[in-house]
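Me: Could you take a close look at one part of this model for me, the loop after the fifth helix and its surroundings? I'd enjoy a connected walk through it, with the rest of the protein as background.

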Amino acid sequence: MSRITRTLVLTFAAPAMLALAAACAKSDGSGDNAGADSASTAAAPAPADSAAAAGTPAGVQPGAVTDPQIAAIVLAANSADSASGEQAREKAQNPKVKEFGQRMVTDHGGVNKQAVALAGKLHVTPEENNTSRQLAQGGQQTRQQLNDLAPTAFDRAYIDHEVEYHETVLQAIDQTLIPNAQNAELKALLQQVRPAVAAHLQMAKDLQKELQGS
């Protein structure tokens with residue numbers, strides 16, 4: 001794995017791994033005292049100190065996610081990949097990579113519209129949390145790194161990123177978001193979105209293989 005790819009993967013994987021770690025902590029009972037960010041930060045040491053003590057990356061705090069936090073994570077994840085898709089649509093050289101980028105814009109934009117509509121219907125206000133904030137920040141950093149690449153290097157780096165990104169998001173959906181969703185309609189939306197994420201992953205893998213052979 002190239003350095004740039006590893007950087008891109010870590011940028012997106014860390015927040016999702018936080019969610020996975022939170023799910024594991026909850027399942028074995030070790031995360032019982034870690035709740036919403038607002039509650040945990042009120043009594044806990046500074047995030048950096050807390051993370052260092054726990055051996056986790058700075059800003060990463062274990063704990064279960066609530067429905068408002070899940071809504072914010074869904075919106076941040078889809079917004080980040082939709083923005084990367086827009087970048088690919090404009091900068092990619094390979095027509096199939098451009099088409100994939102357009103697909104990400106359309107599909108992830110559509111999911112966000114559904115999420116916003118559902119949140120309004122349920123009177124749920126998305127609650128920003130460490131994961132959603134890191135997704136937004138990571139997405140911006142990724143786009144900056146991709147933007148610095150030569151056009152010929154961009155296509156492979158973008159698709160490599162999309163493979164790792166969708167693998168991580170799929171794991172987060174299966175192991176954290178769906179298991180922790182309390183509202184039936186929110187859980188149903190996540191279950192409805194899952195096949196599209198899996199399809200995106202397969203499409204990205206196919207393109208990755210094609211680009212490696214070119």
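**A loop and its neighbours**

Reply: Happy to! H123 sits in the loop that connects α5 and α6. Please keep in mind that this is a predicted model. H123 is exposed, because its relative accessible area of 73% is over the 50% cut-off. Its backbone deserves a glance too: the phi angle of H123 is near 60°, a positive value in a residue that is not glycine. For context, most residues other than glycine have a negative phi.

Next, the far side of the loop. N130 belongs to helix α6. With a relative accessibility of 13%, N130 counts as buried, because the limit for that class is under 20%. The N130 side chain also makes a polar contact with the side chain of R133, at 3.2 Å.

Now to a residue that meets the end of α5 from elsewhere in the chain. E185 is part of helix α8. Leaving aside residues up to four places away in sequence, E185 touches L118, K121 and L122. One of these, K121, is joined to E185 by a side-chain polar contact of 2.7 Å. L122 is 63 residues from E185 along the chain, yet their C-alpha atoms are separated by 8.8 Å. E185 itself is partly exposed, because its relative accessible area of 33% falls between 20% and 50%.

The helices around this spot also share an interior. The largest nonpolar core has 38 residues, and those with the most contacts inside it are I70, F100, Y158, I159 and L190. At least two residues of this core come from each of α4 (67-91), α5 (95-122), α6 (130-147), α7 (151-180) and α8 (184-212). Helix α7 gives the most, with 11 residues. As a general background, nonpolar side chains tend to be buried together in soluble globular proteins. To see one core residue in detail, take I70: not counting residues up to four places away in sequence, I70 touches V65, L177, N180, A181, L186 and L190.

Finally, the wider frame. The protein has eight helices and zero strands. Of its 214 residues, 46% count as buried. Among contacts between residues at least 6 apart in sequence, 82% join residues at least 24 apart, and the E185 and L122 pair is 63 residues apart along the chain. As for the surface, the protein exposes about 10,400 Å², with carbon and sulfur atoms supplying 54% of it.

Conventions
Residues are numbered from 1 along each chain as its sequence is written. This is a predicted model: local features need pLDDT of at least 70, side-chain atom pairs count only at pLDDT 80 or more; totals for chains, interfaces and linings use all residues. Side-chain values use heavy atoms; hydrogens and water are left out. A nonpolar core is a set of buried Ala, Val, Leu, Ile, Met, Phe, Trp, Tyr and Cys residues joined through side-chain atoms within 4.5 Å. Buried means under 20% relative accessible area, exposed over 50%, partly exposed in between (1.4 Å probe, protein chains only). Helices (H or I, at least four residues) and strands (E, at least two) are DSSP runs, numbered from the N terminus. Contact means heavy atoms within 4.5 Å. A polar contact is a pair of N or O atoms within 3.5 Å; within protein, one must be able to donate a hydrogen and the other to accept it, and residues adjacent in sequence count only if both atoms are side-chain atoms. Accessible areas come from the Shrake-Rupley method with a 1.4 Å probe; for residues, only the protein chains shown count as cover.
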